[in-house]
Amino acid sequence: CANYLHIDVMDGHFVPNISLGGCVYKGLKGTVALVFDVHLMISDPRKYAIDFIKAGSDILTFHYEALNNEDEIFELIDFIHSHNVLAGISIKPGTNVEVLDKYLKYVDLVLVMSVEPGFGGQKFMPNALDKIKYLKDEKQKNNYKYEIEVDGGINLETAKQCVNAGVEVLVAGTYIYNSDNKEKLIKELQSLWFIN
Ligand code: ZN
C-alpha cells in the first residue's frame with residue numbers, strides 16, 4: 001500500500017495551534033516517495049489552497065466546517081481538481097457525517113477526525129467508527145471513488161477497530177513518533193488490512 005505523509009496545517013484560528021506553512025514540505029517534494037496528504041485545519045482554506053497546491057500537495061483536504069455553504073464547498077473542490085490535485089473533505093467529531101452526502105460523489109478522500117483537531121495525543125472518540133461504516137456503505141452502494149481516512153488517537157487497538165469499520169488510510173502521528181521501533185509499528189499497522 002502507498003505511504004502517505006500526512007501534513008497538518010493549523011492557523012491558530014480554526015484550531016488554537018499554529019503549524020507549518022507550505023514552504024516546509026516543499027523542500028521534501030521529489031526527494032521522498034510519499035503521497036503528500038495535506039490536511040488544512042484553517043478557517044480560510046479557499047484563500048490558501050493555491051499555496052499548498054504549489055507546495056506540492058497530492059491530496060488537499062479542507063474542513064467542511066470552515067466553509068459557509070455548499071457553493072463554496074463545490075467551488076473549492078473544483079478549484080483543487082483544476083490544478084490536478086486530489087480533493088479531500090474532513091469533519092470534526094461533533095459534525096454529523098450525513099452533511100457530506102452531496103459531496104461524496106466528487107471528493108477523492110473523506111477524512112474523519114476522531115479527536116478534536118489541533119492537538120496530538122488525545123483519546124480516540126468512538127463515534128468515528130460509525131462515520132467510517134457509513135462512508136464505507138455509501139461508497140459501496142454508489143461506487144464512489146473516495147478513500148476513507150481517520151485522524152486522531154490512533155494506536156494498534158483503535159487502528160484495528162477503524163480497519164474493521166472500513167477505513168483505508170490511518171493517520172498515526174503521535175503513536176508512531178513516540179515509538180522506539182517506528183518501522184515495526186508501521187508494518188504492524190499496515191498488516192491490519194491483510195489479517196481481516
Ligand atoms: Zn490531520
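## Helix α4, the parallel sheet and its aromatic pairs

Asn-143 follows helix α4 and has a positive phi, near 60 degrees. The model is predicted.

**Helix α4.** The helix covers residues 127-142, 16 residues in total. From first C-alpha to last it reaches 23 Å, close to the 22 Å expected at 1.5 Å a residue. Its buried residues are Ala-128, Leu-129, Lys-131, Ile-132, Tyr-134, Leu-135, Glu-138 and Lys-139. Two lysines, Lys-131 and Lys-139, and Glu-138 are thus on the buried list. What covers these positions? The cover includes three strands, β4 (86-91), β5 (109-113) and β6 (147-151), along with helix α5 (156-165).

**The sheet.** Seven strands make up an open sheet with parallel pairing. Their order is β1-β2-β3-β4-β5-β6-β7. The edges are β1 (4-10) and β7 (169-171), each of which pairs on one side only. Neighbouring strands are turned by 20 degrees against each other on average, with direction ignored.

Consider the run from β3 to β6. Strand β3 (residues 59-63) runs parallel to β4, and five bridges join them. Here Ile-59 has Leu-86 of β4 as its bridge partner. Next, β4 and β5 run parallel and are joined by four bridges. In that pairing Ile-91 stands opposite Val-112 of β5. Then β5 pairs with β6 over five bridges, again in the parallel sense. Val-110 faces Ile-148 of β6 across this pairing.

How buried is β5? Five of its five residues are buried. Leu-109, Leu-111 and Met-113 point one way from the strand. Val-110 and Val-112 point the other way.

Helix α3 (residues 70-82) lies across β3 and β4. Against β4 it runs at about 145 degrees.

**Nonpolar cores.** In soluble globular proteins, nonpolar side chains tend to be buried together. The largest nonpolar core in this model has 50 residues. Leu-60, Cys-162 and Leu-170 have the most contacts inside it. Beyond its neighbours within four places in sequence, Cys-162 is in contact with Phe-124, Leu-129, Ile-132, Val-150, Ile-154, Val-167 and Leu-170. A second, separate core has five residues, among them Phe-14, Val-15, Met-41 and Ala-66. Two of the Cys-162 contacts, Leu-129 and Ile-132, are also buried residues of α4.

**Aromatic pairs.** The count comes to three aromatic pairs. Phe-74 and Tyr-106 form an edge-to-face pair, 5.6 Å centre to centre with 90 degrees between the planes. Phe-74 lies in helix α3 and Tyr-106 in the loop between β4 and β5, so this pair ties together parts that are 32 residues apart in sequence. The rings of Tyr-144 and Tyr-146 have centres 5.9 Å apart and planes at 40 degrees, so that pair is tilted. Ring pairs also link Phe-74, Tyr-103 and Tyr-106 into a cluster.

Which of these ring residues are buried and which are partly exposed? The table gives the answer for four of them.

| Residue | Relative accessible area | Class |
|---|---|---|
| Phe-74 | 24% | partly exposed |
| Tyr-106 | 38% | partly exposed |
| Tyr-144 | 19% | buried |
| Tyr-146 | 0% | buried |

Tyr-144 counts as buried because its 19% falls under the 20% cut-off. Phe-74, at 24%, is partly exposed because its value lies between 20% and 50%.

Definitions and conventions
Residues numbered from 1 in each chain as written. Predicted model: local features only at pLDDT ≥ 70, side-chain atom pairs only at ≥ 80, totals over all residues. Heavy atoms only, no water. Expected span 1.5 Å × (residues − 1). Buried < 20%, exposed > 50% of the residue type's maximum accessible area, 1.4 Å probe, protein only. Contact = heavy atoms within 4.5 Å. Pairing = 2+ DSSP bridges. Core = buried A, V, L, I, M, F, W, Y, C linked by side-chain atoms within 4.5 Å. Axes fitted to C-alpha atoms, helices over the stretch in contact; angles between N-to-C directions. Phe/Tyr/Trp six-rings, centres within 6.5 Å; stacked < 30°, edge-to-face > 60°.
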